[in-house]
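Hi,

Here is the structure I promised you. Have a look at it first, and my notes follow underneath.

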Amino acid sequence: MALVASLTGCDRSPPAAPQRVAPELEGGLTWLNSPPLKLAELRGKVVLVDFFEYSCVNCLRTLPYQKEWQRRYADHGLVIIGVHTPQYGFSMDPHNVFQAVKRLGITYPVVVDSNFKIADAYGNRFWPRKFLIDRRGRIRFDHTGEGAYVVMERTIQELLHELHPRIKFPAPMAPLEPTDRDGVVCYPVTPELYLGQERGRLDNPEATKSTDPVMFTAPKQPASDSVYAVGQWANQSEYLRHTRDTEVYEDFLALNYRATEVNVVMKPEDVYWMKILVKQDEQPLRREVAGADVLFDGDGQSYVKVDGARMYNLVAKQPYGTHELRLYPQTRGLSVYSFSFGTCEMPADAKRLQQAQENK
């Protein structure tokens, strides 16, 4: 698993590489949405190779752009190929990758690279990372992380012009998310927080190297940018698992954070789904800041239906600030892997300026 751990930090950019022939896409466990493809058979096409992980929030934010590029340019010679390299044990499973590809609406070919054969060939240790390959099979563009969408689309057009010199393409698409627009402000944010003994650190007085269930108690003064547990949990290698059934929602996992968006990677064990209450600052989430995966019951309680091993969006479009978020399981079997955050927002005065310009 050491190789998996080294793939984190997906917003770091490696130095630009000189043009070179792209390595073949060999060694994947299976292909989804397509029979196995070879770059040698795609000469005369422009190929976008996207290294991604289905539970990585940075990767998910780039998907709408790739889907639109596929719609715009597939008929003109663009081929998009996703290379799924896993971050967690569960995301090594081709079945889980298949379910994620289906749920995310990815229709272009995806190769499941759970043994990192393709990642090794490309020397890649980042998510997301995108390579553009020209009609001769040479790497002409290499970008790590989110952003650079206009530059990438212009490069796609330039490479397609080498195939079709007389064709006219539309202007690069406008930003699809408000946080991708000019004028956005990004504040200091809580770094990605991992659970489990390999990469995680709990802010609890009970320090344990054991993977057996432990009764955790809250720290007297919780630290900022930290996670602590209350109740019975087992600290495994890459996740924290809830290990008892309770009559009421009393055990919880608490997150102290500063951000505008919160995501969590979770998995239900031995059940199809489980209901996890979500509270912020000891109250149900306000509907206007509730993330895409948050539901509300008849009593107004906010909760998440954990029905698979994936990332869940808990908080979205919240004004920047510091909060405590709690997750309450009532039954055993919830495994929690990591928390990730967003910190960028469009300031109110910038929104008004943009609206005024758009209304001219």
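A quick definition before the cysteines: a disulfide here is a pair of cysteine sulfur atoms within 2.5 Å. Bear in mind that this is a predicted model, where local features need pLDDT of at least 70, side-chain atom pairs count only at pLDDT 80 or more, and totals for chains, interfaces and linings use all residues. Residues are numbered from 1 along each chain as its sequence is written, and side-chain values use heavy atoms, with hydrogens and water left out.

So, the cysteines. The rule gives a count of one disulfide, and the partners are Cys-186 and Cys-344, with 1.8 Å between their sulfur atoms. The torsion about their S-S bond is about 100°, so the disulfide is right-handed. Cys-186 sits in strand 7 (residues 185-186) and Cys-344 in strand 21 (residues 344-345), so the bond ties together parts that are 158 residues apart in sequence. (Strands are DSSP runs of E with at least two residues, helices are runs of H or I with at least four, and both are numbered from the N terminus.)

Why is there no bond between Cys-59 and Cys-56? The closest cysteine sulfur to that of Cys-59 is the one in Cys-56, and at 3.3 Å it is too far for a bond. For burial I use relative accessible area: buried is under 20%, exposed is over 50%, and partly exposed is in between (1.4 Å probe, protein chains only). Cys-56, at 5%, counts as buried, and so does Cys-59, at 2%. The bonded cysteines are both partly exposed, Cys-186 at 47% and Cys-344 at 23%.

Next, the cores. A nonpolar core means a set of buried Ala, Val, Leu, Ile, Met, Phe, Trp, Tyr and Cys residues joined through side-chain atoms within 4.5 Å. The largest has 41 residues, and Tyr-54, Trp-69, Leu-78, Ile-106 and Leu-132 touch the most other members. Helix 2 supplies the largest share of this core, seven residues. Leu-78 is worth clicking on: leaving out residues up to four places away in sequence, it touches Val-46, Leu-48, Trp-69, Tyr-73, Ile-156 and Leu-160 (contact means heavy atoms within 4.5 Å). There is also a second, separate core of 34 residues, Leu-202, Val-227, Leu-240 and Leu-253 among them.

I also looked at the second largest pocket. It holds about 380 Å³ of space and is lined by 15 residues, with Asn-96, Gln-99, Asp-307, Gly-308 and Ala-309 nearest its centre. Helix 3 (94-104) and strand 13 (261-268) each give two or more residues to the lining, and helix 3 gives the most, five. The method: on a 1 Å grid over the protein atoms alone, a pocket is an open set of points where a 1.4 Å probe fits, with protein on both sides within 12 Å along at least five of seven lines, and lining residues have an atom within 4 Å of a point. Points are joined across faces, edges and corners, and the volume is the space filled by probe spheres set on them.

Two last residues. Lys-102 is in helix 3 and is exposed, at 62%. Asn-204 lies in the loop between strand 8 (193-194) and strand 9 (213-216) and is buried, at 10%. Setting aside neighbours within four places in sequence, the contacts of Asn-204 include Phe-216, Pro-219 and Tyr-228.

Cheers
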